[in-house]
Amino acid sequence: MSHPLIEQWRTEIVEYSHRLHANEWVANHDGNLSARLSDTHLLCTPTAISKGDLEAAWLIVVDGENKVVEGSRRSFSEIQLHRAAYDARPDISVVMHAHPPTSCAFAVAGVPIPHPMMAEPVVSLGREIPMVPYHRPGDPKLSEAIGEALQRADVILLERHGLLAVGGGFEQAYLRMELVEHLAKIGFKARQLGHARILPESEIDALSKKGRPASFPVRETEVQPNSSKNTSVASSPPPQVSTLVSDALKRFS
Ligand SMILES: [Zn+2]
C-alpha cells in the first residue's frame, strides 16, 4: 500500500504515540492512532503495545475488513471508533484516541466538559465538545453516535471512556485533543472555585459564526500518478499549525 504521506505518517504516529504516553494520556496498552491511506486501507498502531515503546516497524496496514495486510502485529479492537470517524468525515485524514485523565474524569462522571467558557476555544473547536453516550464496544449504535457527534465537532468525549480527535494531520488532531484536556482541567478547577461560567448564548453565536479550522485532508485519490501533481504534493505539505493558528486568529480578530 502506498500513499504520498505514508512515510511522514509512520514517523508522526510514533512521535505522537510517544507524546500521548509522556503526557500520561494513556496507560498499559491504551490509545490508538490511524491515518487514511485509501477509501478502505488504514495505517495504524497495533494492539497490545505501550504507546511509549512504539517503533515504526510495528505499525500495520489494515484493509476494509480490518485484516492486517502489512506488518506482523495484530489489529486493535477499538478500530470501530476510527472507522466510524472516517465514514462520517470524508474531510479528515487521521484519527487519534486516548484517555487523558481529566477529560476521562468528566467521561466517567457523565458530566460534559464545560465549554465554551472562553472565546478562543470556540473559534478553535466550535461551540461543542459533544459527549457520546456509552454503548458496548462493537455496538453499531456506538458508530452511529460517533458519526453524528463528529458532524458538530472535531474532538468528542466518549462517555465512560476517553477522547477521540480527528484532523487533516496528526499535529492538528493532537493540538485539538490537547486543548480539550486543557479545558477539562480549567473547568474542573473553576468548579472548585464555585462555578465554570459558560459564555452567553449571543456571544457563542457570534464567535461560532467564524467557524472552526478546516481539517485540510490529503487523500491518495487526489494525487494523479505520473504527473506534476505528485511533485506538487511533495513540495506542498499540508498546512502547518502556524498556518492554522494564524488562520484562526484572523477569524477571531
Ligand atoms: Zn480507549
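Here is a short chat about the core and helix packing of this predicted model.

Residues are numbered from 1 along each chain as its sequence is written. As the model is predicted, local features need pLDDT of at least 70 and side-chain atom pairs count only at pLDDT 80 or more, while totals for chains, interfaces and linings use all residues.

Biologist: Which helix gives the most to the largest nonpolar core?

Modeller: That core is a set of buried Ala, Val, Leu, Ile, Met, Phe, Trp, Tyr and Cys residues joined through C-beta atoms within 7 Å; buried means 20 or more other C-beta atoms within 10 Å of a residue's own, with C-beta atoms placed from the backbone. It has 58 residues, and Ala 85, Met 96, Ile 146 and Ile 156 touch the most other members. With seven residues, the top giver is helix α6 (residues 170-192; helices are DSSP runs of H or I, at least four residues, numbered from the N terminus).

Biologist: Why are the buried residues of α5 on the same side?

Modeller: Helix α5 (residues 140-149) buries Leu 142, Ala 145, Ile 146 and Ala 149. They sit on the same side because the directions from the helix axis to their C-beta atoms cover an arc of only 100°.

Biologist: How do α3 and α6 lie, roughly parallel or roughly perpendicular?

Modeller: Thr 102, Ser 103 and Phe 106 in α3 meet residues of α6 including Val 180 and Phe 188, with contact meaning backbone-placed C-beta atoms within 7 Å. The axes, lines fitted to C-alpha atoms over the stretch in contact, are 7 Å apart at an angle of about 65°. Since 65 to 115 degrees counts that way, α3 is to α6 roughly perpendicular.

Technical notes. A residue is buried if 20 or more other C-beta atoms lie within 10 Å of its own, exposed if 12 or fewer, and partly exposed in between; C-beta atoms are placed from the backbone. Helices (H or I, at least four residues) and strands (E, at least two) are DSSP runs, numbered from the N terminus. Axes are lines fitted to C-alpha atoms, for helices over the stretch in contact, and angles run from 0 to 180 degrees between N-to-C directions. Angles under 35 degrees count as roughly parallel, over 145 as roughly antiparallel, 65 to 115 as roughly perpendicular and the rest as oblique. Two residues are in contact if their C-beta atoms, placed from the backbone, lie within 7 Å.
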